[in-house]
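Here is a short briefing on how one protein model is put together. Look at the sheets first, then the helices, then the empty spaces.

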Amino acid sequence: MNNQDILNRRQFLKQTAATGAALTGAALLPSTAFATAVPRVNREKVRVGLIGCGSVSGAYLPNLTSQPFIEVVSVCDIIPERARKRADRFKVPNVYPNIDAMLAGAPFDLLVNTTSMPSHYPVNKKALEARRNVWSEKPMALEVSQGRELIELARKNGVGFWAAPTCVTSPQFKFMAETMAGGKLGKITAAHGVYGHGGPGWSAWFYEKGGGSLYDLGVYNVTTLTGLLGPAQEVVGMTAVLNPTRKVEDKGEVKVEADENTMLIMNHGHGVLSHVQTGFVYFDGEHLPSTDKRKLYTIDIVATKGTMHLQGWDWEAFGVDVAYQGEAELETHCKESWDYSWVGGASYVAKCLLEGKQGLITPEHGLHVLEVMNACHESQATGRRIAVESTFKWPIFG
Ligand SMILES: NC(=O)c1ccc[n+]([C@@H]2O[C@H](COP(=O)([O-])OP(=O)(O)OC[C@H]3O[C@@H](n4cnc5c(N)ncnc54)[C@H](O)[C@@H]3O)[C@@H](O)[C@H]2O)c1
């Protein structure tokens, strides 16, 4: 890339950022408002400790152990045989039965937290207190006050803190954000996100307090839509439970206490509205053959001069279909996958640590998504529309 290219790209980003704000009307905040410290790890390889050796760790560990810039030094689970099994399979030298033993054991730079959602806050807090960088599965905590506390703790201790999902780093997100900012679609007016399946069958916590389809699945669409349209200013939500009980592998029959069917509407300001529907009571689209998965749109963006639709899921997309007014055909763009992976977030932030940079995933965005989800539950409980206070650095460009 020559100097002229760099200049053109800078000019483009500056211009598109301003256009993005004009499109949706969301306020652009100076980057100094989000001064999260990201220290540089001065080593050849980032040393990783992974805690929570359940289902998703089976997808994280092949990704982490295949990166030449990462060394997985330890694994941990309160069910020790799960940690031992992962250690044997992925040749990890140290195994621990709890976070305290892990923090006191073999040194590591980045904690990868793939525990159950109710364990995220206490585990993240202990690791940040011990001055470890943290990549947390979503959400970062169950309550927005806990999320704020974690971000403050990370700032105070000068460590990096990130939470899944990683969809803002995908080529399709970048394509959609840049297309919206490019202006040809006109003013963005409305958007829709959908993600659901029949519900996990392995762990009870998905259905207990602190679980639910919104935190587990809707979180992806809330991240994508706020990432594309800007921070939400207010939220209206409704949730429902359809099954009084569920059968799960770890506890047998359990009472369903968390949302299984959820609708969430966001007002992004200046007339821009979006909505997310999510549930554990949907057909299993994830298991369709990949040719059919492509036919599923999960994110729809509607504008005054065109329309844009994401093929596949926002965490694993196959392309973006766009049609402009007067050009009646939907054309597929951005079929590439780069080295993006839905379980690649921890590897992405390990690279950020080697370079001493924040990257596109920010804790403020994660906190905003958590506040929107909290607001949805509050709206269901009170029958009211709920104001959202938090914001984040936007627009997000790759
Ligand atoms: N399973 C998936 O396909 C998937 C996909 C994307 C994201 N996620 C997210 O990943 C996280 C984990 O999901 P999962 O399906 O792997 O759950 P899981 O129930 O299969 O595994 C969680 C593991 O964490 C352990 N654990 C819980 N609290 C702990 C603590 N305090 N210290 C140490 N270990 C602890 C449990 O013993 C269990 O082995 C969740 O946030 C989930 O939303 C899961």
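This is a predicted model. One topic is the helix α11, which gives the most to the lining of the largest cavity, with 4 residues. Two open sheets also stand out below: one has 9 strands, and another has 6 strands.

**The sheet of 9 strands**

- The strand order is β16-β15-β14-β13-β7-β12-β11-β8-β17, and the pairing is mixed.
- β16 (327-333) and β17 (386-387) are the edge strands, and each pairs on one side only.
- Helix α7 (residues 171-182) packs on this sheet. It touches β7 (188-196), β13 (297-303), β14, β15 and β16. The direction of α7 makes about 20° with that of β15.
- Strands β14 (residues 306-313) and β15 (residues 316-324) pair in the antiparallel sense, over 8 bridges.
- Which residue of β15 is the bridge partner of Gly 312? The partner is Ala 317.
- Helix α8 lies across β7, β11 (261-267), β12 (273-279) and β13. The helix α8 runs at about 160° to β12.

**The sheet of 6 strands**

- Here the order is β3-β2-β1-β4-β5-β6, with parallel pairing.
- β3 (94-96) and β6 (161-163) stand at the edges. Each has a single partner strand, so one side of each is left without a neighbour in the sheet.
- From one strand to the next, the twist averages 20°.
- Strand β5 (residues 133-136) pairs with β6 in the parallel sense over 3 bridges. Val 134 stands opposite Phe 161 in β6.
- Helix α10 (residues 345-355) lies across β1 (46-51), β2 (70-76), β4 (110-113), β5 and β6. The helix α10 runs at about 165° to β4.

**A pair of helices**

- The axes of α6 (residues 144-157) and α11 come within 9 Å and cross at roughly 170°.
- Angles over 145 degrees count as roughly antiparallel, and therefore α6 and α11 are roughly antiparallel to each other.
- On the α6 side, the contact is made by Val 144, Gly 147, Arg 148, Ile 151 and Arg 155. On the α11 side, it is made by Pro 363, Glu 364, Leu 367, Leu 370, Glu 371 and Asn 374.
- The residues of this contact divide into 5 nonpolar, 2 polar and 4 charged.

**The largest cavity**

- The model has 4 cavities of 30 Å³ or more. About 120 Å³ of space lies in the largest cavity.
- Its lining has 15 residues, and those nearest the centre are Ala 163, Ala 164, Pro 165, Thr 223 and Gly 366.
- α8 (213-229) and α11 (363-382) are the elements that give two or more residues to this lining.
- By class, the lining has 10 nonpolar, 4 polar and 1 charged residues.

**The largest pocket**

- How much space lies in the largest pocket? The answer is about 1,200 Å³.
- The pocket is lined by 46 residues. Nearest its centre lie Ser 55, Val 56, Trp 202, Trp 205 and Phe 206.
- The elements that give two or more residues to the pocket lining are α5 (117-129) and α8.
- The largest share, 7 residues, comes from α5.
- The pocket lining divides into 21 nonpolar, 14 polar and 11 charged residues.

Note on methods
Residues numbered from 1 in each chain as written. Predicted model: local features only at pLDDT ≥ 70, side-chain atom pairs only at ≥ 80, totals over all residues. Heavy atoms only, no water. 1 Å grid on protein atoms, 1.4 Å probe; cavity = no way out; pocket = protein on both sides within 12 Å on 5 of 7 lines; lining within 4 Å. Points joined across faces, edges and corners; volume = space filled by probe spheres on them. Nonpolar A, V, L, I, M, F, W, Y, C, P; charged D, E, K, R; others polar. Axes fitted to C-alpha atoms, helices over the stretch in contact; angles between N-to-C directions. Parallel < 35°, antiparallel > 145°, perpendicular 65-115°, else oblique. Contact = heavy atoms within 4.5 Å. Pairing = 2+ DSSP bridges.
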